[in-house]
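Here are some notes to read beside the model, written as numbered points so that you can look up each place as you go.

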Amino acid sequence: MTYYIAYDPLTLQIKSWYEYTHVLDQDDDWVHVEIVPPLHYQCVKVVNDENGNPKVIRDDEKWDEKFTHEMKILRSNRNQLLLKSDISQLDDIKTEMSDEKRTEWVIYRRQLRDFPSTVTDPFNPVWPTPPE
């Protein structure tokens with residue numbers, strides 16, 4: 001899904017953001033702009049460039065706050081996935097697994113443990129796939 005912001009062209013203040021398939025037709029005087037990753041729609045601001053033209057840039061203060069928050073959520077989700085996969089490490093379960101399956105679980109759990117340090121976009125993480 002694509003995100004957009006709507007800002008007042010006089011004050012450059014962001015008035016709204018929304019998720020939609022295309023820019024909505026609005027009966028307002030706001031400018032509607034698509035926010036393209038790696039920007040995040042909640043972490044941008046509109047400023048004038050050197051020629052006085054408005055442009056959307058990352059708001060570093062909001063970005064740092066949102067990034068920290070998303071990483072906490074990501075770690076919590078990762079911890080839940082690790083807990084769910086703990087059963088794969090029980091001796092009686094492991095003895096029923098093939099060597100290949102045990103290796104798949106070891107790799108999956110390693111990917112989960114390393115995930116917070118390897119994720120490039122915590123707003124849209126691509127999680128490792130658990131073994132079947």
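1. A good place to begin is Pro38, which is found in the loop between β3 and β4 (44–48). The model is a predicted one, and in it the peptide bond that runs from Pro37 to Pro38 is cis, with omega near 15 degrees.

2. Pro37 also belongs to the largest pocket, where Tyr3, Pro37, Leu39, His40 and Asn124 are the residues that lie nearest the centre, out of a lining of 14 residues. The elements that give two or more residues to this lining are β1 (2–7) and β3 (31–35). The volume of the largest pocket is about 240 Å³, and its lining, sorted by class, has nine nonpolar, three polar and two charged residues.

3. Another backbone detail is found at Leu12, which has a positive phi of about 65 degrees although it is not a glycine. Leu12 lies in the loop between β1 and β2 (14–20). Is Leu12 buried or exposed? With a relative accessible area of 14%, Leu12 counts as buried, because the cut-off for that word is under 20%.

4. The next points turn to charged side chains. In general, side chains of opposite charge can pair when their charged atoms come close. How many salt bridges does the count come to? The count comes to six salt bridges, and among them is the one in which the side chains of Asp60 and Arg58 meet, at 2.9 Å from N to O. Asp60 is partly exposed, at 43% relative accessibility, and Arg58 is likewise partly exposed, with a relative accessible area of 36%.

5. A further salt bridge joins the side chains of Asp86 and Arg109, with a distance of 3.0 Å from N to O. Asp86 lies in the loop between α1 (60–85) and α2, whereas Arg109 lies in helix α3 (residues 99–118), so this pair ties together parts that are 23 residues apart in sequence. The two partners can also be compared by their accessibility: Asp86 counts as partly exposed at 33%, while Arg109 is buried, with a relative accessible area of 12%.

6. Within helix α3, please look at Asp99 and Arg102, whose side chains meet in a salt bridge of 2.2 Å, N to O. Why are Asp99 and Arg102 separated by about one helical turn? They are three residues apart in helix α3, and so about one helical turn lies between them. Arg102 is partly exposed, at 27% relative accessibility.

7. Helix α3 also holds Asp114, which is partly exposed, with a relative accessible area of 29%. It is worth comparing sequence with space here, since Asp114 and Arg78 are 36 residues apart in sequence and 9.7 Å apart in space, taken from C-alpha to C-alpha.

8. The last point concerns the surface. Which residues make a nonpolar surface patch of about 240 Å²? The patch is made by Ile87, Leu90 and Ile93, and of these Ile93 is found in helix α2 (residues 91–94). Ile93 has a relative accessible area of 31% and is therefore partly exposed, a value that can be set beside the requirement that residues in a patch have over 30% relative accessible area.

Note on methods:
Residues are numbered from 1 along each chain as its sequence is written. This is a predicted model: local features need pLDDT of at least 70, side-chain atom pairs count only at pLDDT 80 or more; totals for chains, interfaces and linings use all residues. Side-chain values use heavy atoms; hydrogens and water are left out. On a 1 Å grid over the protein atoms alone, a cavity is a set of points where a 1.4 Å probe fits but cannot get out, and a pocket is an open set with protein on both sides within 12 Å along at least five of seven lines; lining residues have an atom within 4 Å of a point. Grid points are joined across faces, edges and corners, and a volume is the space filled by probe spheres set on the points. Helices (H or I, at least four residues) and strands (E, at least two) are DSSP runs, numbered from the N terminus. Ala, Val, Leu, Ile, Met, Phe, Trp, Tyr, Cys and Pro count as nonpolar, Asp, Glu, Lys and Arg as charged, and the others, Gly among them, as polar. Patches are made of residues with over 30% relative accessible area and no salt bridge: like charges are joined within 9 Å, nonpolar side chains (Val, Leu, Ile, Met, Phe, Trp, Tyr) within 5 Å. Accessible areas come from the Shrake-Rupley method with a 1.4 Å probe; for residues, only the protein chains shown count as cover. A salt bridge is a side-chain nitrogen of Lys or Arg within 4 Å of a carboxyl oxygen of Asp or Glu. Buried means under 20% relative accessible area, exposed over 50%, partly exposed in between (1.4 Å probe, protein chains only).
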